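The following exercises concern a single protein chain and are to be worked with its sequence and structure at hand. Each task is followed by a solution in steps.

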Amino acid sequence: MRSIWKGSITFGLVNVPVKLYSATEDHDVSLHQVHDADGGRIRYERHCEICGKKVAYEHIDKAYDDGENTVILSKDDIGSLPEERSKEIDVVEFVPTDQIDPIMLDRSYYLEPDSKSIKSYVLLRRTLESTERTAIVQFALRSKTRLAALRVRDDVLVLQTLLWDDEVREAAFPSLDDEVKIAKRELDMAGQLVSSFESDFEPSKFTDEYQQQLRTLIQAKIEQGDTIDTEATFGKTEDEEGDGEVIDLMEALKRSVESTRKKTGSKKGA
């Protein structure tokens, strides 16, 4: 794994240098879009609506539009924000773990000690374990201020970013306001059904059947020869376009070789 951020956890006068790693990865088969008529790739390109030219990432700034005016924010503008420059994960408070609503959980990250001495790391880990509490922290990552829960998983500190309170929608469904009567017998039967499905959760027992079926389908098409040459899915780029006829380099070389052979043959025949 490669770390994506370096900084320090701070609580009180304790400073814990850490490296941040993504704790999860996507296992989905990577697919792209093609034209159904000829298999050509569908490209998504960044064009400027004023000059019409393609724009490289290094020349793209961000902007805010309030409907009438647009405020352009350069990389220097964003980099000048105090939170953007901060390399600290600040512990705000320690809360009972059961007070964190799972709906607020977002992305998960592993924290590795970034120091020869890991005493402060182990101290924080054991503190969380012994108090049975979760640390609520704030830090900046990828141009955003994050709220997160810091907890222990096995022997590793784990950071789970949280949604902000105003990012969780209210579940207001009028249909649930109607009073519904549930008979005791119905509740007992439902309880028996739950009992028949009771088990300990083991994530390894479950597999993504859709992705397995998709991989099987792709492999079957490969074995049947139902494929096209990848090179053939790419069309001419703008750099290849010109006023005259555009000739592929390999095609030009082939024509040159054929032309040379014809000339050599005609001389021998003479």
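**Exercise 1. Glu132 and Asp154**

Task: Determine whether Glu132 is buried or exposed, and state what its phi angle shows.

Solution:
- Step 1. The relative accessibility of Glu132 in this predicted model is 65%. The cut-off for an exposed residue is over 50%, so Glu132 counts as exposed.
- Step 2. Glu132 belongs to the loop that runs between helix 3 and strand 7.
- Step 3. Its phi is positive, at about 55 degrees, although Glu132 is not a glycine. Most residues other than glycine have a negative phi.
- Step 4. Asp154 is a further non-glycine residue with a positive phi, near 60 degrees. Asp154 is located in the loop between strand 8 and strand 9. With a relative accessible area of 63%, Asp154 is exposed.
- Step 5. From Asp154 to Arg125 the C-alpha to C-alpha distance is 10.0 Å, and the two are 29 residues apart in sequence.

**Exercise 2. Confidence of the model**

Task: Establish which element has the lowest mean pLDDT and which the highest, and where pLDDT stays under 50.

Solution:
- Step 1. The average pLDDT of the protein is 85, and 86% of the residues score at least 70.
- Step 2. Among the elements, helix 2 (residues 82-85) has the lowest mean pLDDT, 58. The highest, 96, belongs to strand 9 (residues 156-162).
- Step 3. Over residues 241-247 pLDDT remains under 50. For this stretch the model has five contacts beyond four places in sequence.

**Exercise 3. Overall composition**

Task: State how many helices and strands the protein has, and what share of its residues is buried.

Solution:
- Step 1. The protein contains six helices and nine strands.
- Step 2. Of its 270 residues, 19% are buried.
- Step 3. The accessible surface amounts to about 22,300 Å², and carbon and sulfur atoms account for 51% of it.
- Step 4. Taking contacts between residues at least 6 apart in sequence, 59% join residues at least 24 apart.

**Exercise 4. The nonpolar cores**

Task: Identify the elements that each supply at least two residues of the largest nonpolar core, and the strand that gives the most.

Solution:
- Step 1. The largest nonpolar core has 22 residues. Those with the most contacts inside this core are Ile9, Ile89, Leu111, Val137, Leu150, Leu157 and Leu159.
- Step 2. At least two residues of this core come from each of strand 1, strand 2 (14-22), strand 5, strand 6 (105-113), helix 3 (119-131), strand 7, strand 8 (144-153) and strand 9.
- Step 3. Strand 7 gives the most, with four residues.
- Step 4. Beyond its neighbours within four places in sequence, Ile89 contacts ten residues' worth of surroundings that include Trp5, Ile9, Val18, Leu111, Val137, Phe139 and Leu159.- Step 5. A second, separate core has seven residues, among them Val95, Ile100, Met104 and Ile136.

**Exercise 5. Aromatic pairs and a charge over a ring**

Task: Classify the pair of Trp5 and Phe139 by the angle between their planes, and do likewise for Phe11 and Phe94.

Solution:
- Step 1. The structure holds three aromatic pairs.
- Step 2. In the pair of Trp5 and Phe139, the ring centres are 5.9 Å apart and the planes stand at 65 degrees, so the pair is edge-to-face.
- Step 3. Trp5 lies in strand 1 (residues 5-11) and Phe139 in strand 7 (residues 133-141), so this pair ties together parts 134 residues apart in sequence. Both Trp5 and Phe139 are buried.
- Step 4. For Phe11 and Phe94, the centres are 6.2 Å apart and the planes at 80 degrees, so this pair is edge-to-face.
- Step 5. Phe11 lies in strand 1 and Phe94 in strand 5 (residues 88-96), so the parts tied together are 83 residues apart in sequence.
- Step 6. Phe11 has 16% relative accessibility and therefore counts as buried, whereas Phe94, with a relative accessible area of 31%, is partly exposed.
- Step 7. The charged end of Arg46 sits over the ring of Tyr57, at 3.9 Å from the ring centre.

**Exercise 6. Thr70**

Task: Determine which residues Thr70 touches, and whether Thr70 is buried or exposed.

Solution:
- Step 1. Thr70 is part of strand 4 (residues 70-73).
- Step 2. Leaving out residues up to four places away in sequence, Thr70 touches Ala63, Tyr64 and Asp65.
- Step 3. The relative accessible area of Thr70 is 53%, so Thr70 is exposed.

Note on methods. Residues are numbered from 1 along each chain as its sequence is written. This is a predicted model: local features need pLDDT of at least 70, side-chain atom pairs count only at pLDDT 80 or more; totals for chains, interfaces and linings use all residues. Side-chain values use heavy atoms; hydrogens and water are left out. pLDDT is the predictor's confidence in each residue, from 0 to 100. Contact means heavy atoms within 4.5 Å. Rings of Phe, Tyr and Trp (its six-membered ring) pair if their centres lie within 6.5 Å; planes under 30 degrees apart count as stacked, over 60 as edge-to-face and the rest as tilted. Buried means under 20% relative accessible area, exposed over 50%, partly exposed in between (1.4 Å probe, protein chains only). A charge sits over a ring if NZ of Lys or CZ of Arg is within 6 Å of the ring centre and within 35 degrees of the ring normal. Accessible areas come from the Shrake-Rupley method with a 1.4 Å probe; for residues, only the protein chains shown count as cover. A nonpolar core is a set of buried Ala, Val, Leu, Ile, Met, Phe, Trp, Tyr and Cys residues joined through side-chain atoms within 4.5 Å.
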